[in-house]
Amino acid sequence: MNAERLARDVRLMILDVDGVLTDGGLYYDESGCVMKRFNVQDGLGIKLGPKAGIEFAVITGLESPAVKRRVTELGIGHYYYGHHRKVPAMREISEKTGIPFEHMAYVGDDWVDAAPMSMVGFPIAVPNARPEILKLAAWTTRAMGGHGAVREALDFVLRAQGKLDVMWREWLTA
C-alpha cells in the first residue's frame with residue numbers, strides 16, 4: 001500500500017479516543033471521576049482541518065464528559081460514544097456526509113478499531129497499537145497517542161494533498 005497515494009483521497013478522518021486522542025490512561029481523582037489528557041497540537045490540527053477540506057469524527061467505546069467537552073471545543077460535529085462496534089456509526093457518518101469509506105482515514109490502536117480500519121481508504125495506527133492493528137495500518141505515526149499523533153496524521157494527509165505548505169505560509173503573515 002502506498003500511504004501517500006491513499007492519503008490524497010482523504011476527506012474525513014475518524015478518530016478513536018483512548019490511545020489515539022489521549023495517551024490511553026484513565027486517571028481517577030479522589031471522588032472517582034475520570035480525567036483524560038489531550039494534546040493541544042492535535043486540537044489545533046483538528047480545528048484547521050476543515051479549512052483544508054478535511055472533516056473529523058470521533059467514535060469511542062466509552063462515554064466521558066471530558067471527551068464530550070473536548071469534542072465540542074474542537075467543533076467536531078460527528079461524535080459517537082458507547083460504540084464498541086464502530087462500523088454502524090461509520091455508516092451513519094457516511095450517509096450524513098456523503099463521504100464514502102474509501103475517502104475516509106481511521107486512526108486506531110486496539111482491537112475495537114480493527115473493523116473500521118479494514119474498511120476505510122487510509123487506515124492509520126499509532127506506534128504503540130496492538131500488533132494486529134499495526135498490521136492493518138497503511139501508515140503508522142511516530143508520535144504516540146495523546147502526544148500529537150492526530151496532528152502528525154493530519155499533516156501527512158495534507159502534505160500528500162499538497163495543502164500543508166499553503167496552510168503553513170498563512171501562519172507566517174500577520
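1. Which side chain does lysine 96 meet in a salt bridge? In this predicted model, the partner is glutamate 92, with 3.3 Å from N to O. Both residues sit in helix H5 (residues 87-97), four residues apart, or about one turn of the helix. Lysine 96 is exposed, with a relative accessible area of 56%, while glutamate 92 counts as partly exposed at 35%.

2. Have a look at helix H4 (residues 65-74) too, where arginine 70 and glutamate 73 lie three residues apart, again about one turn of the helix. They form a salt bridge, and their closest N and O atoms are 3.4 Å apart. The arginine may catch your eye: arginine 70 has 17% relative accessibility, so it counts as buried, the cut-off being under 20%. Glutamate 73, at 41%, is partly exposed.

3. Helix H8 has a pair as well. Arginine 151 and aspartate 155 meet through their side chains in a salt bridge, 3.3 Å from N to O. They are about one helical turn from each other because they are four residues apart in H8. Arginine 151 is partly exposed, with a relative accessible area of 21%. Elsewhere, Asp16, Lys86 and Asp113 are joined into one network by salt bridges that share partners. The structure holds eight salt bridges.

4. Now for the inside. The largest nonpolar core has 56 residues, and the members touching the most others are Met13, Phe56 and Phe122. Helix H8 (residues 149-160) gives the most to this core, namely eight residues. If you want one residue to click on, try methionine 13: leaving aside residues up to four places away in sequence, its contacts include Ile54, Phe56, Ala105, Ile124 and Val157. Glu55 is also among the residues that methionine 13 touches.

5. Strand E4 (residues 55-59) deserves its own point. Four of its five residues are buried, so the strand is largely enclosed by the rest of the structure. E4 pairs with strand E1 (residues 12-15) in the parallel sense, over four bridges. E4 also runs parallel to strand E5 (residues 78-80), joined to it by three bridges. Valine 58 is a handy landmark here: in E4 it stands opposite leucine 15, and its bridge partner in E5 is tyrosine 79.

6. How do these pieces connect? E4, helix H4 and E5 make up a β-α-β unit, and it is right-handed. The H4 in this unit is the helix that holds arginine 70 and glutamate 73.

Key. Residues numbered from 1 in each chain as written. Predicted model: local features only at pLDDT ≥ 70, side-chain atom pairs only at ≥ 80, totals over all residues. Heavy atoms only, no water. Core = buried A, V, L, I, M, F, W, Y, C linked by side-chain atoms within 4.5 Å. Buried < 20%, exposed > 50% of the residue type's maximum accessible area, 1.4 Å probe, protein only. Helix = DSSP H or I, 4+ residues; strand = E, 2+ residues; numbered from the N terminus. Contact = heavy atoms within 4.5 Å. Pairing = 2+ DSSP bridges. Right-handed = clockwise from strand over helix to strand, strands pointing away. Salt bridge = Lys/Arg side-chain N within 4 Å of Asp/Glu carboxyl O.
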